[in-house]
Amino acid sequence: MAVAPSWSEQAVELVGRAVMAPSSHNTQPWFFLLGEPYVDLLADRTRALPVNDPDGRELTISCGCALLNLVLAAADRDLQVENRLLPDPEEPDWLSRVSITRNTADRVPEADLARFIEERRTCRTRFESRAVEQQAVDAMVEAAAAEGAWLRPLIGDELRRRAVNLVVEGDALQWSDPEWRRELAEWMHTRSEGDGLTISAFTAPVAQMVVRNFNMGSNVGSKDRGLAENSPLLAVLGTDGDGPRHWLAAGQALQRVLLVGCSFGLRASYLNQPIQVASLRSQVSELVDGEGLPQILLRFGYAPQPLSPTPRRPLADVIEWS
Ligand SMILES: Cc1cc2nc3c(=O)[nH]c(=O)nc-3n(C[C@H](O)[C@H](O)[C@H](O)COP(=O)(O)O)c2cc1C
């Protein structure tokens, strides 16, 4: 007879799936404190991006993505969880406590989403030209709503043109800032383990030097224009407010949208520049009729070839027992 895994084995397995989440610059800005039987999610602000993300908005969204993975991974093990969102001005880094109450008799339907946790990857290349099926769009819109956020597809040439122009403007502004370029270069690594944006060992010294020292805004802008214009679907994910709780919800919504998209064979990538640049964010808001706060601008489509996984930090670096 198979021996049931201990709580400590289960908890480590759950965190192992949580950290498969996407994160800004692949910073993986999270920490997990394990207790009997709960998992606390904390923000690790030593991994913040003060130039790109001065308020820790994307940092919290990244943690929200990991949180949804954790909850789905528990459901996939037929564990019943209570996910208590905690962000509070007194304890700003303690984001959530996921308490495990008991093994459920019935498998919850959303547990099936967990099998896309490992499959999900950011696609940085062009997508195939075929359109995204409406059923998939509807399911992703529903997924965002289920987590208290919204996903608005940008339909029509005019809206798409305005969005693409904002992305290019965002690229120009970010690349013109030497501090922003320096921060990006610091997160470019050749490692196959750990964190950061992976670059080839062959080009690494040159690539980092170029990013650090040269304003490549117009090259990057024209590349992003091509990627965005050729994407079958552009969409804005947003929330009704703009504080840590909204960001955490946005992260859970983002991850649910990505996993649901994955279940339809879709891949996604990010065009967040005009949301990261504070002076452009209100123009992204106008694309969605000024309702709420845009958090993430995404492009979706079908990847022409399989995507390689990006590295993750060793679990021992992100887990502590309380
Ligand atoms: C909140 C958030 C913001 C992100 N912003 C960008 C972005 O502006 N540009 C980009 O190319 N990727 C962006 N990403 C994607 C990350 O770079 C990616 O998740 C990370 O490198 C890990 O790769 P993976 O998603 O394939 O696992 C973002 C991800 C998150 C969660």
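Biologist: Going by the usual cut-offs, angles under 35 degrees count as roughly parallel, over 145 as roughly antiparallel, 65 to 115 as roughly perpendicular, and the rest as oblique. Which of these are α5 and α6 to each other?

Modeller: First, this is a predicted model: local features need pLDDT of at least 70 and side-chain atom pairs count only at pLDDT 80 or more, while totals for chains, interfaces and linings use all residues. Residues are numbered from 1 along each chain as its sequence is written. Helices (H or I, at least four residues) and strands (E, at least two) are DSSP runs, numbered from the N terminus. Helix α5 (residues 178–186) and helix α6 (residues 204–213) pack at an angle of about 160°, with their axes 7 Å apart. Axes are lines fitted to C-alpha atoms, for helices over the stretch in contact, and angles run from 0 to 180 degrees between N-to-C directions. α5 and α6 are therefore roughly antiparallel.

Biologist: Which residues of α5 and α6 meet?

Modeller: Arg181, Arg182, Leu184 and Ala185 of α5 meet Gln208, Val211 and Arg212 of α6. Contact means C-beta atoms, placed from the backbone, within 7 Å. The contact of α5 with α6 has three nonpolar, one polar and three charged residues. Here Ala, Val, Leu, Ile, Met, Phe, Trp, Tyr, Cys and Pro count as nonpolar, Asp, Glu, Lys and Arg as charged, and the others, Gly among them, as polar.

Biologist: And α3 with α8, at what angle do they cross?

Modeller: Roughly 155°, with the axes of helix α3 (residues 134–146) and helix α8 (residues 244–263) coming within 8 Å. α3 and α8 are therefore roughly antiparallel too. On the α3 side the contact is made by Ala136, Ala139, Met140, Ala143, Ala144 and Ala146, and on the α8 side by Ala253, Arg256, Val257, Val260 and Gly261. Those residues divide into nine nonpolar, one polar and one charged.

Biologist: New topic, the ligand. Which residues come nearest?

Modeller: Pro22, Asn26, Thr122, Tyr270 and Asn272, out of 15 around the ligand. A residue counts as near if its C-beta atom, placed from the backbone, lies within 6 Å.

Biologist: Which helix gives the largest share of that shell?

Modeller: Helix α2 (residues 57–76), with four residues. By class, the shell has five nonpolar, eight polar and two charged residues.

Biologist: How many helices and strands are in the chain?

Modeller: The chain has 10 helices and 11 strands. Its C-alpha atoms fill a box of roughly 60 × 45 × 40 Å, taken along the principal axes.

How values were computed
Contact = placed C-beta atoms within 7 Å.
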